[in-house]
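Please open the structure in the viewer and keep the selection tool at hand. The tour below proposes a series of selections and describes what is found at each.

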Amino acid sequence: MITALSWIKEYVPDLDVSLQEYMDAMTLSGSKIEGYEKLDKNLENIVVGQIKKIERHPDADKLIICQVDVGKTERVQIVTGASNVKEGDKVPVVLDGGRVAGGHDGGSLPESGIKIKKGKLRGIESNGMMCSIEELGSSKDYYPEAPEEGIYIFEDDVEVGSDAVEVLGLNDAVFEYEITSNRVDCFSVLGIAREVAATFGKKFVPPVVTVKENTEDVNDYVKVTVKDTDLCTRYCARVVKNIKIGPSPKWMQRRLAAHGIRPINNLVDITNYIMEEFGQPMHAYDLDLIEGKEIIVKRGNTGDKFVTLDGQERAIDDSVLMICDANKPVGIAGIMGGENSMITDSVSTLLFEAACFDGTNIRRSSKKVGLRTDASTKFEKGLDPNTAQLAIDRACQLIVELGVGEVVGGMVDVYETKREGKKVVLDSARINQILGTNIDEATMIGYFKNIELDYNAETKEVIIPSWRQDISHTADLAEEVARFYGYDNIPTTLPTGEATTGKLSFKLRVEEVARNVAEFYGFSQAMTYAFESPKVFEKLLLPKDSKLREAVAIMNPLGEDFSIMRTSSLNGMLTALSTNYNRRNKDVRLYELGNVYLPKQIPVTELPEERIQFTLGMYGEGDFFSMKGVVEEFFQKVGLNKKIKYDPTNKKSYLHPGRQAEMYYEEQLIGYLGEVHPEVSETYNIKDRVYLAVIDMPYIVELATFDRKYEGIAKYPAVTRDISMVMKKEILVGQVEEVIEKKGGAILESYQLFDIYEGAQIKEGYKSVAYSITFRAKDKTLEDSDVNTSMERILKELGNLGIELRQ
Amino acid sequence: MKDKLQRIKEEAFKQIQDSDALEKLNEVRVAFLGKKGELTAVLKSMKDVAPEDKPMVGQLVNDTRQAIEALLEETKSKLEKAALQLKLQNEGIDVTLPAKKEQLGHRHPNTIALEEVERIFIGMGYEVVEGPEIENNYYNFDALNIPDNHPAKDEQDTFYINSDMVLRTATSPVQVREMEKGKLPIRMIAPGRVFRSDEVDATHSPSFHQVEGLVIDKNITFADLKGTLAEFAKELFGPDTKVKFRPHYFPFTEPSAELDVSCYKCGGKGCRFCKGEGWIEILGCGMVHPNVLRMSGIDPDEYSGFAFGMGLERIALLKYEIDDMRLLYENDYRFLKQF
């Protein structure tokens, strides 16, 4: 919403504040000012001058020398190239040292304007400049009386020597407000003016609306029927005859210009003026084109086509409200009129419409027919039906005042359910309790009165006018009090009451450990989108029956690339790694903590399961076992102290078939790791080995513990035995370790792989594996015999697996 | 005898003084005091000395020995010092050579900003909780006093899963879920991912993060809201930060406000960073709407509360002066390693 300050001052005549004060105070009372423009910020020292004498320039065909009366004893000599001026013309003159906003070509305006200095033009002194409307920072669009090209010429009655900027109405400032959706009333100059008056404690003087009507009866001219009253709460119609189309007066043109609206003619300008002033869109039909002299408001027919007055054909359906005459639609309600009833210069009798349509329906219809207009934007917010009558009367008042036509007596008003103002009991104690203030009731009532909320002392009720639909609770009244008391003046305190413990949830603590471990190992945190393309399934070579293909789909995605909720975190990680690889970043390690979304059924009827995944990915330095080290370190830090089992048998399509494993903790699958399948890396354009680990965090959170028990530092010496074995290649060292753990007995302390070898001296298909096994007792120095018993058990079991000691 | 000792002593002294290395000094020691040394030889020849002269000669021999030993010791210490000096001199390094570092990873700026926010509120007794990212309409809209035809629903161009399920448009639904648990008082913050149907550009992303805050207790006032958030702003942006509460509108709070902080680049004078305004908007807040309390099973006559919500990316962009939101989701290591 924008308003010119001069227009506001019409309704708040006592307003006398600086622009800065205005902006600050309005923002603090709830009408946030987003910006403003001083129309005359670069206009300086510009007066109305009258050309007294014109001579040809002796040395230049295209230049003339003008002697200009600027209201001082001495005339000013100005040389100009403009050809549209003649002796006697009154023109804007910028004097030596003054400033104009732009060049005569009307291009973009320089930030601080253009300084005008006296000088010589082809040898002849020129002591100022006559201005075009473009040089004054505006255009012919807003000043239609300005010539196509050349100097702006004033009307004859303008006083020579007066301030030209003032005469042109450019001594104004235009403010832009951010109006919140609850304050529909503030999408109008009057609404803002009411707030201004209340904010500065000045008198609010809205226009006094009276219509001079003729003695005829409007009902003899037109009949209105509203069939769908759910979508049209009120329809007001008036008739104006003997229309004389012509330009509107300058004051109206200037006001519209300041609001960025082009003056067109008196009729259009009046409807635009009302739209600004009251926030009420109006429409005018040529009554002679309305068949049956009848207006019917009803839903359209699906399949119908309708040509709006911009000449475009629109597809209509039965949810779109139409304005029809006896035989055909003549307008899309609240959006745009039809070409078939359009006002032309030859109009003699018109039908004025000011209605109130359902905001939601207008919003949806506007989307449906693909047309968003100034009118629909206003209606969408949900207007007050009581404004319709005021607006149409005001329009007819202007019709008469501006001599546009003759208003037929009476108004057709279809208004079935009248919207009444509400009443809210004033509970000043509660308001003070909400705000933490101590404001007396009289002060509160004073604030209310300033915004036309009356108070009934008998019933202790605040009477809410119908344009303030947003007020219905004590809390709403508290906000009104707070706005005018000043948010700044409300004290600042801290909550008292029962103490609470500040903490992270256990889940978040586990995630914090994950971040710390990952970062310690050089992994940086990535964040990727939760939605992705279904093409990801192919990129990851997922089999057709993969569970991961069952994804939650978005009904209205931003495009296929963002159309399903991810079921795996791999694509995000691989995309991030790919970005880095292709930007030539070396040895990149990333991790992410983010959800996957697993539907409980397709189509989705319950909220899907959201499982947070700890995903690690890297290329460059490091291998499978570096990754394995990171995840094991993490498991240990969150108290998963038992051995993780690595199972390479369940092959995942996107991983290297020989370099992948699922991770189990106490029989629970908790994640997997591996090298990315070269075909997949290729798809992501990474020409290096990529390693991934994905840990399903909800399980970790379940299993994790931060409890630790001190076990004491060993007092007795350890005994270490080394064994070197020969076994079939297929046997995993994990199997050997399982045997050592199972058969080592209570005195087994630790074991360590120290050699693994294939090749010369080892027969084909076999490998040599060597372990160092350490035993220790808590209560004594171990005897050889103790260790021997354990070792024999281990060796026997290894023998059962076909593993032999190396000779 | 006396002369002989004198001569030995002089000779020893000379040789000790001539020694320029520890090994040589040791040779001198062996030569004079060793088993076959000169002085040892004199001592051995004591048996030939007349008994009445023995004490005198013994004394002399001892004196000589002590004198030599003392000088040996002194010289040894000097030589050792010199040797250490030399060793240290040779061990000098170029301290400007590059450091040996472990390549640590870097935390995402969003997380760093979040941890700052969490630290401040945990310190004030708030619990950090979470809620689902895919939400029922009820929690995302209805329970927050946003009815079906409300314009706010339109403003927040929402991603729908079906007619009853959306990608949450704010972290506010967590408020409702927390209130429904019925455990009072509540002091919580809820960080998390939210979604809006915005195309990706320098200032928009269809997916971003918010932090929601909620306090419910008896006698919570707007003044408490102001005090709490002013404290938060000062902690986050520095003790000289000024705050400004402006009236605003949210369907789920009344009265509502937006909080501006003085621009920490220019201190409020107005600069390019704050677009000349001197103030930067950081969050929305307000007193929880009585309808919201009632719908979540809390009696608004007994309890009141305040809520607030802020965009995490916005905080991160402001704090770290990042000029393009897209950088946060590209995961380029050259970007990440700066945090």
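Select B:Gln210 to begin; in this predicted model, B:Gln210 stands opposite B:Gly311, a residue of strand E10 of chain B. Now extend the selection to the two strands concerned, E6 (residues 207–217) of chain B and E10 (residues 304–311) of chain B. E6(B) and E10(B) run antiparallel to one another and are joined by eight bridges.

Next, add strand E5 (residues 186–195) of chain B, which also pairs with E6(B) in the antiparallel sense, here over ten bridges. Within this pairing, select B:Phe195 and B:Ser207 of E6(B), which stand opposite each other.

Is E6(B) largely enclosed or open to its surroundings? Display the rest of the structure around the strand: ten of the eleven residues of E6(B) are buried, and therefore the strand is largely enclosed by the rest of the structure.

Turn now to the two chains together. Contacts between them involve 74 residues of chain A and 72 residues of chain B. On the side of chain A that touches chain B, select helix H12 (residues 474–485) of chain A, which gives the most to that side, with six residues. Colouring this side of chain A by residue class shows 35 nonpolar, 26 polar and 13 charged residues.

For the last stop, select strand E27 (residues 503–504) of chain A with strand E1 (residues 127–128) of chain B; the two pair in the parallel sense through two bridges. Here A:Leu504 has B:Val128 of E1(B) as its bridge partner.

Conventions:
Residues numbered from 1 in each chain as written. Chains lettered and ligands numbered in written order. Predicted model: local features only at pLDDT ≥ 70, side-chain atom pairs only at ≥ 80, totals over all residues. Buried ≥ 20, exposed ≤ 12 C-beta atoms within 10 Å, placed from the backbone. Helix = DSSP H or I, 4+ residues; strand = E, 2+ residues; numbered from the N terminus. Pairing = 2+ DSSP bridges. Contact = placed C-beta atoms within 7 Å. Nonpolar A, V, L, I, M, F, W, Y, C, P; charged D, E, K, R; others polar.
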